[in-house]
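Visitor: I'm new to this structure and would like a close look at just one part of it. Could you pick a helix, stay with it for a while, and then show me what lies around it?

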Amino acid sequence: MGIGESTQVTFPAGDTAGRSRVLASVPLDGGYGVVVARTPFHPLDHTWPDQPGDIGVLRADGVEMRVVDCLTGAVPPGGGELLLGEEIPARRGDEGWAWLVVHEVERMVPEGNEAVLAVDEERRAGLSAGHTACHLMALALNAALAERWRKDVRADSLGRPDFDQLAIVSSRIVPGGSRDVYRIGKSLRKKGFVADGLEEELPEVAKAVNETLAGWVAADGPVQVVSPSPALTARRTWRCELPEGTGEIPCGGTHVQRTGALGPVAVRIEPEDGGFVVETYGAHSSIAPS
């Protein structure tokens with residue numbers, strides 16, 4: 001496959017529409033994967049699949065087609081077969097690989113044609129709100145658990161022990177919210193985390209997180225995704241101005257522009273398998289409060 005450069009992306013700036021030249025159209029199960037030079041579509045990341053890929057519309061060759069999914073693809077150094085998702089044996093950004101946004105549609109699109117791309121804006125807005133709420137929850141959770149550390153560990157951008165990054169197992173973004181799974185195993189305890197009595201105190205932890213979230217949403221701080229380049233492989237950072245300082249988390253997803261756009265945000269925390277699950281829900285969330 002003759003694609004040697006990674007896809008250029010515009011979704012970090014919030015774009016939902018664009019035009020670009022079609023570079024390839026490869027068969028997929030039940031359809032085709034279209035690769036363009038530049039796209040506003042956000043793909044599902046193959047190593048940390050937290051935010052789902054965008055859906056929307058692609059118009060090319062006089063035909064309008066639904067984009068039913070958007071995936072990360074990669075071509076090995078020196079060329080070869082396009083690999084998708086879990087087939088990829090490398091990490092995004094590994095040297096020599098071409099990293100691609102693959103738009104799944106129903107028919108082949110000839111190479112060289114211009115494609116008009118339009119993301120489903122309502123779904124994108126919901127996922128952006130969910131992702132911002134998820135990051136705010138992570139920082140608020142770190143604050144709520146800060147007194148449970150008896151050793152120094154790496155801190156988050158606000159100076160608190162980074163429980164989120166040290167204990168998280170998986171994160172799934174949904175419209176308006178997220179579901180995050182944390183494990184408290186031997187390695188976390190060796191690092192100095194005190195888990196004794198935590199399960200009984202989870203309601204109080206949730207209360208503290210919710211109070212912090214309410215304050216941050218009310219502050220209506222600006223949110224942005226900082227990117228050093230338009231390449232899909234760029235190491236992007238979520239940045240949010242909060243009353244305590246600037247919150248920063250490495251992130252490849254999409255976000256709202258201000259915390260006030262989230263509306264009321266709250267969490268539900270439940271124990272699960274040697275740890276706990278945090279469900280974050282906000283306005284128009286697909287996770288409903290109990």
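Guide: Let's take helix α1, which covers residues 121-144. In this predicted model, the C-alpha atoms at its two ends are 34 Å apart. That agrees with what its length should give, because 24 residues at 1.5 Å a residue should span 34 Å. Now, how much of α1 is buried? The count is 18 of its 24 residues, so the helix is largely enclosed by the rest of the structure.

Start at the N-terminal end, where aspartate 120 acts as a cap: one of its side-chain oxygens lies 3.2 Å from the backbone nitrogen of glutamate 122. A little further along, have a look at arginine 124, which also has its place in α1. Is arginine 124 buried or exposed? It has a relative accessible area of 4%, under the 20% cut-off, so it counts as buried. Its side chain reaches the backbone oxygen of proline 40 at 2.8 Å. Apart from neighbours within four places in sequence, arginine 124 is in contact with ten residues' worth of company worth browsing, including Phe11, Asp15, His42, Asp54, Val119 and Thr254. Val119 in that list leads us to strand β10, residues 114-119.

Strand β10 has partners on two sides. With β2 (residues 17-28) it pairs in the antiparallel sense over five bridges, and alanine 17 has alanine 118 as its bridge partner there. With β5 (residues 56-60) the pairing is antiparallel as well, over four bridges; here arginine 59 is matched with valine 116. Step back and you can see an open sheet of eight strands, in the order β6-β5-β10-β2-β3-β9-β7-β8, with antiparallel pairing. Its edge strands are β6 (63-67) and β8 (83-84), each of which pairs on one side only. At the β8 end, two bridges join that strand to β7 (residues 69-75), and glycine 73 has leucine 84 as its bridge partner.

Back to the helix, and to the nonpolar packing. The largest nonpolar core has 39 residues, and the members that touch the most others are Leu141, Phe163, Tyr182, Phe193 and Phe276. Helix α1 is one of the elements that supply at least two residues each, along with α2 (163-167), α4 (198-219), β14 (237-242), β16 (266-272) and β17 (275-281). The largest share, eight residues, comes from α4. To see how these pieces meet, follow tyrosine 182: leaving aside neighbours within four places in sequence, its contacts include Met137, Leu141, Phe163, Ala167, Phe276 and Val278. There is also a second, separate core of 24 residues, with Phe11, Val22, Trp99 and Val105 among them. You have met Phe11 already, as a contact of arginine 124.

One last thing to check is the cysteines. How many disulfides does a search of the whole structure find? The result is zero. For cysteine 70, the nearest cysteine sulfur belongs to cysteine 251, 16 Å away. The sulfur of cysteine 240 also has cysteine 251 as its closest match, but at 12 Å that is too far for a bond. Cysteine 70 counts as buried, because its relative accessibility is 0%, and cysteine 240 is buried too, at 0%.

Key:
Residues numbered from 1 in each chain as written. Predicted model: local features only at pLDDT ≥ 70, side-chain atom pairs only at ≥ 80, totals over all residues. Heavy atoms only, no water. Pairing = 2+ DSSP bridges. Expected span 1.5 Å × (residues − 1). Buried < 20%, exposed > 50% of the residue type's maximum accessible area, 1.4 Å probe, protein only. Polar contact = N/O pair within 3.5 Å; in protein donor to acceptor, adjacent residues only side chain to side chain. Core = buried A, V, L, I, M, F, W, Y, C linked by side-chain atoms within 4.5 Å. Contact = heavy atoms within 4.5 Å. Disulfide = S-S within 2.5 Å.
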